[in-house]
Amino acid sequence: MNPGDRVRVDRADRTYEGVLLPSSTDDHLVVKLEGGYNVGVDRTEAEIETLEEDIYEIDGTDATGPEDGDASDEGADSEIEFDDDLPTISLLSTGGTIASTVDYRTGAVTAQFDAEDVLRAVPDLAGRANYRGRVVANILSENMDPPIWQDLARAVYEEIEAGADGVVVMHGTDTMQYSASALSFMLETPVPIVFTGSQRSADRPSSDNVMNAVSAVEAAKSDCAEVMVCMHASESDDVCALHRGTRVRKNHTSRRDAFETVGAAPLGEIDYDTEEIGFRRDYQQRGEADLELREELADDVELLKFTPGMDPAFLDVVEGSEGLILEGTGLGHVHTDLIPRIEELVEDGTTVVMTSQCLEGRVCDRVYDTGRDLLEAGVVEAGDTLPGTATVKLMWALENSEDVEEAMGTSLAGEIQERSVPWE
């Protein structure tokens with residue numbers, strides 16, 4: 001019995017038929033069912049019958065699992081031929097679902113593949129570019145934090161400095177918008193930097209990993225030298241959207257088209273069948289900017305969402321912090337009882353910046369009395385900057401701008417739009 005054989009597995013009152021896959025443990029069998037899903041079965045509790053041999057040729061560890069002391073294929077280098085006629089794309093891996101597999105002992109999805117594993121897992125990437133692979137982190141994106149943003153920014157800088165024609169960052173989707181924003185402020189780039197990931201892991205028949213990865217590589221070969229997020233534009237496998245890194249938001253927990261540009265259409269789109277890229281708005285052209293890295297970040301900036309009835313004591317938590325982003329209601333409001341405490345924070349040296357909980361539109365604290373009182377208390381307006389983007393921007397501005405208030409009200413990386421108007 002070897003990987004690639006068609007087998008029947010009986011366990012208790014359940015029968016599974018499918019193709020045997022390599023297993024990472026001695027204790028479990030992994031079978032790909034006809035519907036496309038994989039199932040893990042405890043070997044000691046199962047009866048196994050080989051129906052057909054060598055139905056598929058599968059490389060990797062034998063189905064019986066690695067022997068003691070056997071390093072198997074983990075960490076092995078992939079064979080990647082260099083073609084002088086192709087651009088060089090650096091693949092940076094941080095983990096996430098696009099670089100994940102199922103742990104069949106628990107049923108949980110875990111991040112464990114490095115960048116070269118992704119190349120082996122997505123053969124459609126072959127022939128599109130020359131690739132360099134680099135692992136920056138191997139985490140699920142909820143564990144992302146500012147020091148890893150700094151590691152990632154340095155890695156991207158080094159790859160571009162070494163001659164990469166574009167960079168693709170493979171990242172978990174939950175915090176991708178924060179990381180994309182961080183790199184938008186930390187790097188001036190002469191080449192595209194494209195974040196991508198997947199909502200559904202590679203073992204699922206509805207996985208979006210191949211299409212997103214292929215489209216991201218094509219975007220990294222384009223003339224748009226900005227930080228972008230490349231993900232499905234619809235539930236179908238037809239188009240990927242290119243979102244500006246500072247204007248994108250994950251708006252659904254599980255749909256493949258979870259990411260949207262807030263307040264506008266996406267920066268561009270990639271037709272998956274034709275591989276044609278169409279851009280809707282002006283963008284920074286390849287080669288226009290000189291490569292520059294400004295990686296310093298303030299590490300004590302908080303984001304606080306105002307809710308009706310909030311106790312002013314919540315503001316005590318940020319006392320002494322360098323910065324605070326407030327998510328106010330509507331045009332940028334909080335309960336009037338909070339304003340004296342906010343004024344105290346400002347007087348003590350905390351930069352307090354107002355954003356809106358509304359998905360579209362900008363703050364304007366000159367319309368109502370509450371807003372005027374907030375301005376008098378020293379609150380800074382952030383236009384229509386998204387709250388998450390504003391948080392990352394304030395971390396960066398506190399370390400890199402001489403006038404933080406001016407920086408927060410100025411569009412530095414496309415985070416503030418000129419007008420908030422309906423769009424089609």
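This is a short talk about two helices, one arginine and a few cysteines in a protein model.

Hi everyone! Before we start, please keep in mind that this is a predicted model.

Let's begin with helix H2, residues 146-161. How far apart are the end C-alpha atoms of H2? They are 22 Å apart, and that agrees with the 22 Å we should get for 16 residues at 1.5 Å a residue. Quite a few residues of H2 are buried, including Trp149, Leu152, Val156 and Ile160. Glu159 and Gln150 are also among the buried ones. Just past the end of H2 comes Gly163, with a positive phi of about 110°.

Now for helix H6, which covers residues 369-376. Which residues of H6 are buried? They are Thr370, Gly371 and Leu374. Looking down the axis of H6, you would find these buried residues within an arc of 100°, so they line one face of the helix. Here is a handy bit of background: an α-helix has 3.6 residues a turn, so residues three or four places apart point the same way. What do the buried residues of H6 pack against? Their partners are helix H5 (339-347) and strand S22 (351-356). On the face turned away from the buried side, H6 carries Asp369 and Glu376, which are exposed. Just after H6 we meet another glycine, Gly378, with a positive phi of about 105°.

Next, my arginine. Where does Arg247 sit? You'll find Arg247 in the loop between strand S14 (239-244) and strand S15 (248-250). Is Arg247 buried or exposed? Arg247 is buried, because its relative accessible area is 4%, and the cut-off for buried is under 20%. Setting aside neighbours within four places in sequence, Arg247 is in contact with residues including Glu260, Thr261, Leu386 and Gln417. Val262 is on that contact list too; its C-alpha is 5.9 Å from that of Arg247, although the two are 15 residues apart in sequence. Asp384 is another contact of Arg247, and the backbone oxygen of Asp384 lies 2.8 Å from a polar atom of the arginine's side chain.

Finally, the cysteines. A disulfide is a covalent bond between the sulfur atoms of two cysteines. How many disulfides are counted here? The count is zero. Take Cys230: the closest cysteine sulfur belongs to Cys240, and at 4.3 Å it is too far for a bond, because the two sulfurs would have to be within 2.5 Å. Cys230 is buried, with a relative accessible area of 0%. Cys224 is buried as well, with a relative accessible area of 0%.

Thanks for listening!

Notes: Residues numbered from 1 in each chain as written. Predicted model: local features only at pLDDT ≥ 70, side-chain atom pairs only at ≥ 80, totals over all residues. Heavy atoms only, no water. Helix = DSSP H or I, 4+ residues; strand = E, 2+ residues; numbered from the N terminus. Buried < 20%, exposed > 50% of the residue type's maximum accessible area, 1.4 Å probe, protein only. Contact = heavy atoms within 4.5 Å. Polar contact = N/O pair within 3.5 Å; in protein donor to acceptor, adjacent residues only side chain to side chain. Expected span 1.5 Å × (residues − 1). Arc of directions from axis to C-beta.
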